[in-house]
Amino acid sequence: MAVDLLLGLQWGDEGKGKIVDVLTQNYNLISRFQGGPNAGHTLIFDGHKHVLHTIPSGIFHKDAVNVVGNGVVIDPVIFNKEIENLSQFDIDFKNVLLISRKAHLILPTHRLLDAASEKAKGKDKIGSTLKGIGPTYMDKTGRNGMRVGDLELDNWKEIFETLTQKHINMLDFYKVDLDYDLDALREEFFASVAELRKLTFIDSEEYLHTAIRNKKTILAEGAQGSLLDVDFGTYPFVTSSNTTAAGACTGLGIAPNQIGEVFGIFKAYTTRVGSGPFPTELFDEDGATMAKVGHEFGATTGRARRCGWLDMVALKYACQVNGVTQLNMMKADVLSGFKTLKVCTAYEYKGEVITHFPYNIEPENVKPIYTELPGWNEDLTGMTSEDQLPQALLDYIAFIEKETGIKITIVSVGPDRKQTIER
């Protein structure tokens, strides 16, 4: 098959950017299929840290072409800043960064609507990144959106102004105070659009189908994580797109029978940013240690991530929904030093024990049931092969493989692309 998928299996922040970067050498095309600048893919190599928000993670490999698919929502302002941050790398953006005409644009007023909606919720806020993602997808499904292809039309500014005015009218509904300068926002947007129009816009579904016919290899890159999927995640504390494997088909125009391998990325433990239920969350010293050692702060927002033990119930659910064929375990090094590790293998749900992921995992309904495994003390960060790994980690890996029925083919033992063990 020509198209392999790479997906996060938890609540995002699993380390997908690093794995895409590691795998890119095997692919001709890297395609992002959903989400927007609410994502943050961190890559570390040659002693430098790079954070990408919309641009696919293959941009640092000169032989890879990067496609931003139709399922992505693009903020021209943030996109332009990403381009500027990458200017030092002498990248031929015109030829290696291609943008789908069907991708929707995030307007400044989308961000204002996002902020107003979240502010109006008060203590019931969902933890939005305030990047305008939700309102943009609402306009998309409401058939009011503005797309990249519209920028090639003579009247694109009229389209922009019409949608902007609609948003300004909607702001009154929320009855909250927002301080903004619409003229300044408009000026910044127009300047960024001028830069965006210097790039190459494509009919991405035709481009990708041509690539498939020509036997090119394609890696489809997801953002966020499966438990944030708008249909299958912990709704309403989710993102606004389909982060699961099905989203790759609709977000790129690829048929299901073109999908080959599905790489599922997960942390050796679990984290979550923002609001929402989290059955294995830790509020003790163990959780604080995970956060400190793992540098658990959001790549996009800088928000501290909540930490907890690995949730096997949720992981198996994500594997099932996505049809995962290979597992990649990230941040195994963070668990070094724990005498005992816990893995949630079942839930006590409304008085009964279940092993499937239920409709509602709010704390009043769900209590995690743990299996304990021995930990390890060895520093993994300098290890380069499987035979160097401590037996307790190998047993941990074997336990996960038995529970999921899927082989773990990559174990990450540090943030750098070189700190990656293939099995």
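A residue is called buried when its relative accessible area is under 20%, exposed when that value is over 50%, and partly exposed when the value falls in between. With these words in hand, we can walk through the structure above, which is a predicted model.

A good place to begin is strand β11, which spans residues 259-267 and is mostly covered, since 7 of its 9 residues count as buried. This strand has a partner in β1, made up of residues 3-8, and the two run parallel to each other, joined by 5 bridges. To find this pairing in the picture, look for G8, which stands opposite I265 of β11. Strand β11 also pairs with strand β15, residues 326-330, again in the parallel sense and over 5 bridges. Here the residue to look for is F266, whose bridge partner in β15 is M329.

From the strands we can turn to a pair of helices, α6 (residues 156-174) and α7 (residues 182-196), which pack at an angle of about 145° while their axes lie 13 Å apart. The crossing of α6 and α7 is right-handed. On the side of α6, the residues that take part in the contact are W156, K157, F160, E161, T164 and I168, and they meet L182, R186, F189, F190 and V193 of α7. Sorted by class, the residues of this contact comprise 7 nonpolar, 1 polar and 3 charged ones.

The last part of the walk follows a database record, because the UniProt entry, which is unreviewed, lists D13, H41 and K140 under "active site", and such annotations may be inferred rather than shown by experiment. Two of the listed positions, D13 and K140, can be followed further here. D13 lies in the loop that connects β1 with helix α1, the latter covering residues 16-23. Is D13 buried, partly exposed or exposed? Its relative accessible area is 23%, and because this value is not under 20% and not over 50%, D13 is described as partly exposed. If we leave aside its neighbours within four places in sequence, D13 is in contact with K267, T271, V273 and R305, and K267 belongs to the stretch 259-267 that forms strand β11.

K140, by comparison, has its place in helix α5, which runs over residues 133-141. With a relative accessible area of 29%, K140 also falls between the two cut-offs of 20% and 50%, and therefore it is partly exposed. Setting aside neighbours within four places in sequence, the residues in contact with K140 are N70, G71, H104 and G145.

Conventions: Residues numbered from 1 in each chain as written. Predicted model: local features only at pLDDT ≥ 70, side-chain atom pairs only at ≥ 80, totals over all residues. Heavy atoms only, no water. Buried < 20%, exposed > 50% of the residue type's maximum accessible area, 1.4 Å probe, protein only. Helix = DSSP H or I, 4+ residues; strand = E, 2+ residues; numbered from the N terminus. Pairing = 2+ DSSP bridges. Axes fitted to C-alpha atoms, helices over the stretch in contact; angles between N-to-C directions. Left-handed = near helix turned anticlockwise from the far one by under 90°. Contact = heavy atoms within 4.5 Å. Nonpolar A, V, L, I, M, F, W, Y, C, P; charged D, E, K, R; others polar.
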